[in-house]
Amino acid sequence: MNGTLTLQNGMTFDGTWETSARLGKGEVVFFTGMTGYQEVLTDPSYAGQVIVFTYPLIGQYGLEAEASESTDIQVAGVIVQTLARNGQSSDLRNWLEQAGIPVLSGIDTRTLVHMLRQEGDQWGLLSTSANGHVEGDFLQITETVTTAKPVQLGTSEKGHIVCLDFGVKSSMVEAMLARGYAVTTLPYDTPAAEIHRLKPDGVLVSNGPGDPRDLMDRIETVREVALRYPTLGICMGHQLISLSFGASIEKQTYGHRGSNHPVRNVQTGEVWMTSQNHGYVVTRDSLERTPLELLFENVNDSSVEGTKHPEVPILTAQFHPEASPGPKEAQALFDQFDEMIQQGVNVYA
Amino acid sequence: MHKKVLVIGSGPIIIGQAAEFDYSGTQACQALREAGCEVVLFNSNPATIMTDPGMADKTYIEAMTLEKAEMIIEAERPTHVLATVGGQTALNLALALDEAGILAAHGISLLGTSLETIRDGEDRERFKRKMHELGEPLPVSMTIESIDELDTFIKTAGVPLIVRPAFTLGGTGGGIAATVTEAYEMASRGLEASPISQCLVEKSIAGYKEFEYEVMRDENGTCIIVCNMENVDPVGVHTGDSVVFAPAQTLSDTMHQTLRSAALRIVSSLGVVGGCNIQFAVHPTEPDYYVIEVNPRVSRSSALASKATGYPIAKIATRLALGERLDDCINPVTNGTMASFEPTLDYVTAKVPCFPFDLFKGTDRALGPQMKATGESMAMGKTLEEALQKAWRGAGVEQAPLYPAWMKKADASELWKEVLAPTDRRLHACLALMDRGFASRSELEDQTGIVPHFMTMLETLVAVTRAEDLLTEPNLWQAKRLGFTDEQIAAISDVTIQDVTQMRSMFGIHPVYHMVDTCAAEFESQTPYFYGTWHGKTEVKASSARKVAVIGAGPIRIGQGIEFDYSSVHAVWALQQQGIEAIMINNNPETVSTDFTVADRLYVEPLTIEDVTHVLEAEGCRDVLIQFGGQTGIALAHALEAAGYHLLGASADVIDQMEDRDRFYAFLDEINVAHIPGEEVGTAAGLYDAVGRIGYPCVVRPSYVIGGKGMHILQSEPDLDRIIPDLAYPLLVDLYVAGRELEVDCVTDGQTVYVPAILEQIEAAGVHSGDSTMVMPPVETSEAHQRQIDTITKQIGQALSYRGALNIQFVLKDDTIYVLEINPRASRTVPIVSKVTGEPLVEWATLAALGHALETIVPDERKQLAGYAVKTPIFSSLKLPGVDPLTGPIMRSTGETLQFSPVPVVAERFCYDATTTRVMARQQIVYGEGWETFGDVPLDTAVDFQHVAVLFSHVPAEQPMREAAVRHGVHVISEHHLALYYQATIDTTSVPVRPLQAMHTKEELPL
């Protein structure tokens, strides 16, 4: 069956409709990594988005037992050039079918990416009839991805970390479990008092979908816990912490989504290849209004990739140190957080 | 500090070390000069772009020996050496210079990766220790220096095992031993092949998937993976011999990151600065992996990775070696982002190797750990199938319409033999087995270890050929997306090609061209580098400038080597100097011509008429230069003309006139030039009649071939009877004239004909000119005869309706000069003649082809050379077991070297061959039957080839001895004149080194 992607700017792309889901709507964004489709599809940060894979063959290595970043497929739709059959049972197509995800194949993804690059990420409608309302918003998106109730994982011999869940990827939690911590994942709107009651040794402010400026009611809490406990903010977490200290946020034309983004540590000169997924960015100039110092910058466009607080143990990263998918060298950031907590335990105990 | 850098090249082309090092060396020289360094280049290969006098401040075309290297260092006093862009040859030479204390004595340091790191990567024992320190898994292995040590290993690890000799090229002397007996044989051969008598024996992990990672690292410790690649064949087939896809296809992100992290740990711990190649084996289903090999230098794979992604590894590696950082270098592809990133592709790249097997009857086609391919073809597409089929046709693989015609008739066991050996025809045999219902895909998966994903790819191709009606819109579109040509579709559907093309147009299915931009369109780029595909919007905007397309030479094969890339590149430069937009079409990823900075537009596409005309249509280009791409360009002449394109300087008719025997002789008769008696025949009976008229000895050969393929010299009727069953018609029959061969490369505009040099062949006629030793200027040929050659050349140049480079072969016998052959194209020797004379032959030929008059451009008189230049062929016999190292009408050599000398006899030749390091001495010369005058030791005594330098042997019965000699690194000479010549070299002394730039001055060479 044929299907169509209709964009906000009126452009349409025709392709083959691959699953029985009939309609999908979301912000159309492109992902440039050549591997990692399973991780991307299950990453809560992609909730509400239609993912365009730039690599032309998707599904070629099947599915893996441990690679998902959450229990479900999170994306609103998938656009590929070719949905590959890998000749094995763990077939991506079946999975997408079962999850009821609309998938359009045979799309000239390169032309689509060209267009998104020039005109910016925008809303799109996937349908078999080319009718429907294209526009949408992310106002309530966090509600759909955050944990319903507190969930504790691991034992807490070394320490206890609270994760404010704006749509956390499971590998982020696993990175802390692997370093010997217990992790309690809390709903994003958990009040500060509730967090204090858990006596965390460290706080992880997670990644998540949507516009951080729609979460202004959370920043007071974020600031309060960040100033009190060693804190690591990743992606949305980084943006919320920055906002809470007075920085401003802007939308990028087309975001950074892929596995090959170079990030420089401005203090050491070290350069990491990082995994990224964001459409908003902290305005570099606005950091001057905050106590935060620039720690990481993007090598290509000099955008803010991370900050630290000069006096209290706060570390933030726009990129994804947990990778999954993507390069692993930035995992060192979790070690740094680990160290911060160990020192912090002494400072704040 | 002012840096004066000695760049060491890779020497002559041999199997395992081909044009990729011209590409990397050229990039390195450019990067060094851009950084303000003074460059001294040392490379014995005259057919390269890198040895052009303009590429370096001083260029030494000298034998790649320690002695010569020291002489160059003495003369030039460089501050640094760059040894990581010239393959194994350069690394080995740098290590030798270090061990001899020469680097230390002159205070020279190595640029980039240190010698210690190189030793860690190359010395098997040190490598093993290093990997153990890092906790990186290696297959159980042991370094042996004697056969006794093999016993110990076999007792614990058993067979099958792999033998890898240390410090050899392309795995020379190695292999997989399935039995204990084979293990002993192979190990003793490997110990001999290794210059340090050391082999690694390791437990075979055949059946694992094989991957390569191309890593870059700067001084600051920043690492990137430029590209990873996956072999279709599991471990067991040399990566140079396997079909390869980039990026890897069957690695999950989890596994990819595991290997990527391992690669980063390895290069960081080794301290690599520059490029590095790491090979991994991965279990087909479990997350287990092994490190197979680490090459701390740029390689064949890095050339492939550069072309597959657009990321210029050698250029950036050189800048890193100079101390720059990845995050300070601009990515030259996007020109806006930095070089510290990992390229991401929105297409698939396939590489298909090319083998010399069809040239040599009876060669062992089985592939193993020792590389046999001479070259490769690369293609890009949006599907695996498209990329693979494009690469196949670019490599000249027969697809009729999917697999070779003979496989349609072969029985299952013959096909299984190809699959299981495995041979170069494995994948096509799989297609045939599936198509003909002889085998299921799961049987093939089980037997080959080829992963399901790739078997699906083959199955998909078979399914297309079986579609009920391929000519419906969706089916046709699908077939094009899977890389089928109109020709294949026509054959499957039993209609004409025109029918398919028309139907395609009707449905609006047209080729489009996408840009190679390293970033999947994330950032804007202006790279003029394109590939064709069948989906989406084209990104090519044809300019309105005057433009000319240059047809490249395709993959390196015996008979069509790097020389044609040299000519193609120079043709591009000549066009650009005229303000004409140059469009390069080629598919060889190793070469300088497929560097996107060379031409105004680069298309990596197969060189078939269909693919080429599509490019020409997209560019709106009518003018095509076919004369610089060897036989590849010539083969397109008819079809291009028929499609309405204008062949600059040439025409299909003039090509036919030179190939069609009757027309050729009529032409020579008309201008009163002597030719030897010959005819063209169409049948076996006609052949017997013709031989009856011409007499023996005679030469029988097909037309339009490369490297003398299918050529025979017949002494008597039994010879003819013997070959009759193998012949295909039409054929050319000529009397064999055993005279002296001479050759001319000239330029002509139809009026002015300029002959820059006459080349005199040392061997008697009958040895393929590509395999012959040649001297410039002639030594044995009189002034009068040389003048006669000039006159004949001029006559021919003026009589032919042709403009450009022209190659004429003569034979001189009993005071008569006969014309043997006229090639209306640039020949193999054009770069050599240009290097020797310092004259821009290709530029002049291009100007002539464009219609310029040469009269005011070329000199009136031929230049007097300051001494002699000797071209010596280099053979890769060691890589091709079963091929008799006997020179004859079929070309076998893969490369050549050049030596300048004040005397015509040059001693250094024995050191050229990368497979031997022995220098000739009288007591090391062994002679075979009838060659007593040439040596001290008769072959029938117990000869220990370990201590032999040269074997003189030519009788057929001695083939086993010749092969044994080759295996031991002994130089085999099988032709009398050459033997005499070589013998004369024994007593000569070494010639002082002199840069090429000084050769072209009027000064006499110092004696």
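## Exercises on a predicted two-chain model

Leu161(B) stands opposite Lys203(B) in S9(B). The model is a predicted one, and the exercises below start from this pair of residues.

**Exercise 1.** Determine how strand S7 and strand S9 of chain B pair, and which sheet holds them.

*Solution.* Begin with the two strands themselves: S7(B), residues 161–165, and S9(B), residues 199–203, pair in the antiparallel sense over five bridges. Next, place them in their sheet, which is open, has four strands in the order S6-S9-S7-S8 of chain B, and is antiparallel in its pairing. The ends of that order are strand S6 (141–144) and strand S8 (175–177) of chain B, each with a single partner strand, so one side of each is left without a neighbour in the sheet. From one strand to the next, the twist averages 25°. Finally, add the helix that lies across S6, S7, S8 and S9 of chain B, namely H8(B), residues 180–193, which runs at about 10° to S7(B).

**Exercise 2.** Work out which strands of the sheet S3-S2-S1-S4-S5 in chain B stand at the edges, and how S1(B) is joined to S4(B).

*Solution.* This open sheet has five strands, and the pairing is parallel. Strand S3 (58–60) and strand S5 (109–110) of chain B stand at the edges; each has a single partner strand, and therefore one side of each lacks a neighbour in the sheet. Turning to the other pair, S1(B), residues 4–8, and S4(B), residues 80–82, run parallel and are joined by three bridges. Within this pairing, Val7(B) stands opposite Leu82(B) in S4(B).

**Exercise 3.** Describe the packing of H25(B) against H26(B), and name residues that meet there.

*Solution.* Two packed helices are described by the angle between their axes and the distance between the axes. For H25(B), residues 652–659, and H26(B), residues 661–670, the angle is about 90° and the axes are 5 Å apart. Because angles of 65 to 115 degrees count as roughly perpendicular, H25(B) is roughly perpendicular to H26(B). On the H25(B) side, Asp656(B), Gln657(B) and Met658(B) meet Arg663(B), Phe664(B) and Phe667(B) of H26(B). The residues of this contact divide into three nonpolar, one polar and two charged.

**Exercise 4.** Characterise the side of chain A that touches chain B.

*Solution.* The contact takes 42 residues from chain A and 41 residues from chain B. In chain A, helix H3 (109–119), strand S15 (249–265) and strand S16 (271–282) each supply at least two residues of that side, and the largest share, six residues, comes from H3(A). By residue class, the chain A side divides into 14 nonpolar, 18 polar and ten charged.

Definitions and conventions. Residues are numbered from 1 along each chain as its sequence is written. Chains are lettered from A and ligands numbered from 1 in the order in which they are written. This is a predicted model: local features need pLDDT of at least 70, side-chain atom pairs count only at pLDDT 80 or more; totals for chains, interfaces and linings use all residues. Two residues are in contact if their C-beta atoms, placed from the backbone, lie within 7 Å. Ala, Val, Leu, Ile, Met, Phe, Trp, Tyr, Cys and Pro count as nonpolar, Asp, Glu, Lys and Arg as charged, and the others, Gly among them, as polar. Two strands pair if DSSP finds at least two bridges between them. Axes are lines fitted to C-alpha atoms, for helices over the stretch in contact, and angles run from 0 to 180 degrees between N-to-C directions. Angles under 35 degrees count as roughly parallel, over 145 as roughly antiparallel, 65 to 115 as roughly perpendicular and the rest as oblique.
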